[in-house]
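Subject: A structure to look at

Dear colleague,

I am passing on a structure for you to look through, and below it I have written down what was found. Please keep it open while you read.

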Amino acid sequence: MLTIKSRCWICMLPVWHSAVGICYRCEKKLTLDQPRCLRCALPSESVVGDCPVCHHRSISWQGTVAAGNYSPPLSKLLHQFKFSSHTALAATLSRLMLLNYLRYRRHYLWRKPDTIVAVPLHPKRYRQRGFNQSDLLARPLARWLACTYWPDALRCNQIRVAQHTLGRAQRQSNQKHVYDICADLRDRHVALVDDVVTTGATAREIVELLQLQRVASVQVWCLCRTL
Ligand SMILES: [Zn+2]
Ligand SMILES: [Zn+2]
């Protein structure tokens, strides 16, 4: 008798390759992606050159890969992963990031990084959640791509407060010195993994620190891009 091993995380129909976690039909819908700006990963008519957003806020890293927009069903999956502790979703979500990175590598000749680092959580948040979602996304990517993964390369020193709740001076200090680098990444080609890129402030701050360390290049890889 044929046994059903697993169900699709999105439509709940059986999937025969349980490691993939998403059925063929749902994956096809997820990967039917609109063209994106290579620099910031926002939807854009042209992928070459800076989009209007990048034009106003210069991006100093090589580019951003996103598996999709922060909208259902991807946002729902991320929510289950982060807030309902469905950590079994990590490999499924990492695989979507991998497919997008490989597409960029094939089409736009993006370099393969030699080192992967993940956006860290503040220790207090880590204790509350029990895991760092970006760390769980980064681990399979490093394994599949045979890159070095440095889980402790970055440290988060303070919990960032929502910007809109702060005054101007507080906003500026809220943006600064949140992260530290605890590893020597000089001359390395680095991929920075984050679960969601919203304004890009986190990526910008970490990339600035990496560039002060004279890394050779930085790519930002995220699961979702907020529109
Ligand atoms: Zn499905
Ligand atoms: Zn852009």
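**Two helices that cross**

In this predicted model, helix H3 (residues 74–83) and helix H4 (residues 89–108) have axes that come within 10 Å of each other and cross at roughly 140°. An angle over 145 degrees would count as roughly antiparallel, and because the crossing falls outside that range, H3 is described as oblique to H4. The crossing of these two helices is left-handed. As for the residues that bring them together, Leu77, Gln80 and Phe81 on the H3 side meet Leu89, Ala90 and Leu93 on the H4 side. Sorted by class, this contact between H3 and H4 is made up of five nonpolar residues and one polar residue, with no charged residues.

**A residue in a loop**

Histidine 17 is found in the loop that runs between strand E2 (14–15) and helix H1 (24–31). Is histidine 17 buried or exposed? It counts as exposed, because it has 11 C-beta neighbours inside 10 Å, and the cut-off for that class is 12 or fewer. From histidine 17 to arginine 7 there are 10 residues in sequence, while the two are 9.4 Å apart in space, taken from C-alpha to C-alpha.

**The chain as a whole**

The protein chain contains eight helices and nine strands, and 35% of its 227 residues count as buried. Taking the contacts between residues at least 6 apart in sequence, 68% join residues that are at least 24 apart.

With best wishes

Technical notes. Residues are numbered from 1 along each chain as its sequence is written. Chains are lettered from A and ligands numbered from 1 in the order in which they are written. This is a predicted model: local features need pLDDT of at least 70, side-chain atom pairs count only at pLDDT 80 or more; totals for chains, interfaces and linings use all residues. Axes are lines fitted to C-alpha atoms, for helices over the stretch in contact, and angles run from 0 to 180 degrees between N-to-C directions. Helices (H or I, at least four residues) and strands (E, at least two) are DSSP runs, numbered from the N terminus. Angles under 35 degrees count as roughly parallel, over 145 as roughly antiparallel, 65 to 115 as roughly perpendicular and the rest as oblique. A crossing is left-handed if the near helix is turned anticlockwise from the far one by less than a right angle, and right-handed if clockwise. Two residues are in contact if their C-beta atoms, placed from the backbone, lie within 7 Å. Ala, Val, Leu, Ile, Met, Phe, Trp, Tyr, Cys and Pro count as nonpolar, Asp, Glu, Lys and Arg as charged, and the others, Gly among them, as polar. A residue is buried if 20 or more other C-beta atoms lie within 10 Å of its own, exposed if 12 or fewer, and partly exposed in between; C-beta atoms are placed from the backbone.
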